[in-house]
Amino acid sequence: MNELDTTQAEQAAMRRAIVLAGNGPHYGVNPQVGCVVLDAEGTTIAEGWHRGAGTAHAEVDALSQLTPEQAQGSTFVVTLEPCNHTGRTGPCAQALIEAGVGRVVYAATDPGHASSGGAQRLRDAGIKVVGGLLEDEVEELLEEWMLAARLHRPHVTVKWASSFDGRAAATDGTSQWISGPQSRERVHVQRSAADAIVVGTGTVLADNPSLTARTTSGDLHDHQPIPVIIGKRQIPGDAQIHQHPLEPLVIGHNDLHAALSEMFDQGIRTVYVEGGPTLASAFIAQGLADRLYIFQAPVLLGGDKLALGDLGVSTLSERIDLEVSSVENLGDDILITAKPIRKGA
Ligand SMILES: Nc1nc(O)c(N)c(N[C@@H]2O[C@H](COP(=O)(O)O)[C@@H](O)[C@H]2O)n1
């Protein structure tokens, strides 16, 4: 944190910019970014935020509300380092230089290969720049986007529902519905928050899922995840997935690293894996699960239809430890949100 190098007005402006960032969509290829502009007295003269890929960045949105005189010498307080590249829009750092701003305070550094370096470009132009104010808060807000930008693969959430004794189905294979209505409603909200929903061909053949995000009345949520099918088996032409409003992305192999790379190249930054025990276990075993949503229903099923299969753990010392961030009651069910702890992390 760089609070010592910033004024109280700038600190308050950054807190406001974080709130503004939350107005933008939390899915898609671009991050949520907010911006507040202060005059020489520390009074807010403009606010902006980013509304999604292809629209103005937060800084340019705020700049568009100012006269050239107001922009001259002003302080831009922005949650992400101003970008330094021409993507779908122009470089924010250059726009700020041309506007003659006096000072820029930002929270998190842009990890993008092409887009980073905006702070240095501003400094080179003689503008005072301070980075790192409320950085932890912004890193948390942008956790998924930051991970995707740093690792060049989407952030992966793996979800499953099981009985208290860890079964995903009864011995005869019946599994609808182990969890209750509140859990199922939550799953649809989680689906709609993701860029993509991932299943294996086995799940498509066995369950014929629609993979849409729906409200309790059956209507579609405003934002739908792209359905992604991983595996080598053929999907029938009349499978429900073909009714999905978005074209399915079919990945005809089982290489998860390559599959995530393909998804990243298609602009997918967050995926929700809902694909059954084999696929869920493969993501976890390969260290590719960043978050787990574990829905547990207060029933016992026994038998061999486990929610997870082989995780590559053959002895206790190889176990995968979890960091639990929340435990919620959803009707009679429990939702555990956890993160696998990476060995050596
Ligand atoms: N500083 C900043 N403010 C915003 O409002 C932003 N959306 C970004 N995004 C960065 O620029 C990349 C996208 O550029 P285009 O929208 O394609 O022009 C994105 O990957 C971020 O690095 N930055």
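**Exercise 1.** How many residues surround the ligand, and which are the closest?

*Solution.* Start with the status of the coordinates: this is a predicted model. Next, count the shell. The ligand is surrounded by 18 residues. His57, Ala58, Glu59, Arg88 and Asp110 are the closest. Finally, sort the shell by class. It holds 7 nonpolar, 7 polar and 4 charged residues.

**Exercise 2.** Find what lies opposite the ligand's oxygen and nitrogen atoms in the side chains of His57, Glu59 and Thr89. Then state how much of the ligand the protein buries.

*Solution.* Take His57 to begin. An N or O atom of the His57 side chain sits 2.8 Å from a ligand oxygen. Move to Glu59. Here a ligand nitrogen lies 2.7 Å from a side-chain N or O atom. Then Thr89. Its side chain places an N or O atom 2.8 Å from an oxygen of the ligand. With a cut-off of 3.5 Å for a polar contact, the His57 pair qualifies, as do the Glu59 pair and the Thr89 pair. Now the area. The ligand alone exposes 510 Å², and the protein buries 94% of that.

**Exercise 3.** Which residues touch the most other members of the largest nonpolar core?

*Solution.* The core has 41 residues. Met14, Phe76 and Val104 touch the most other members. Follow Met14 beyond its neighbours within four places in sequence: its contacts include Val77, Val78, Tyr106 and Leu133. A second, separate core has 27 residues, among them Ile251 and Leu288.

**Exercise 4.** What confidence does the predictor assign?

*Solution.* Chain level: the average pLDDT is 95, and 98% of the residues score at least 70. Complex level: ipTM is 0.89 and pTM is 0.92.

Definitions and conventions:
Residues are numbered from 1 along each chain as its sequence is written. This is a predicted model: local features need pLDDT of at least 70, side-chain atom pairs count only at pLDDT 80 or more; totals for chains, interfaces and linings use all residues. Side-chain values use heavy atoms; hydrogens and water are left out. A nonpolar core is a set of buried Ala, Val, Leu, Ile, Met, Phe, Trp, Tyr and Cys residues joined through side-chain atoms within 4.5 Å. Buried means under 20% relative accessible area, exposed over 50%, partly exposed in between (1.4 Å probe, protein chains only). Contact means heavy atoms within 4.5 Å. A residue is near a molecule or strand if one of its heavy atoms lies within 4 Å of it. A polar contact is a pair of N or O atoms within 3.5 Å; within protein, one must be able to donate a hydrogen and the other to accept it, and residues adjacent in sequence count only if both atoms are side-chain atoms. Accessible areas come from the Shrake-Rupley method with a 1.4 Å probe; for residues, only the protein chains shown count as cover. Ala, Val, Leu, Ile, Met, Phe, Trp, Tyr, Cys and Pro count as nonpolar, Asp, Glu, Lys and Arg as charged, and the others, Gly among them, as polar. pLDDT is the predictor's confidence in each residue, from 0 to 100.
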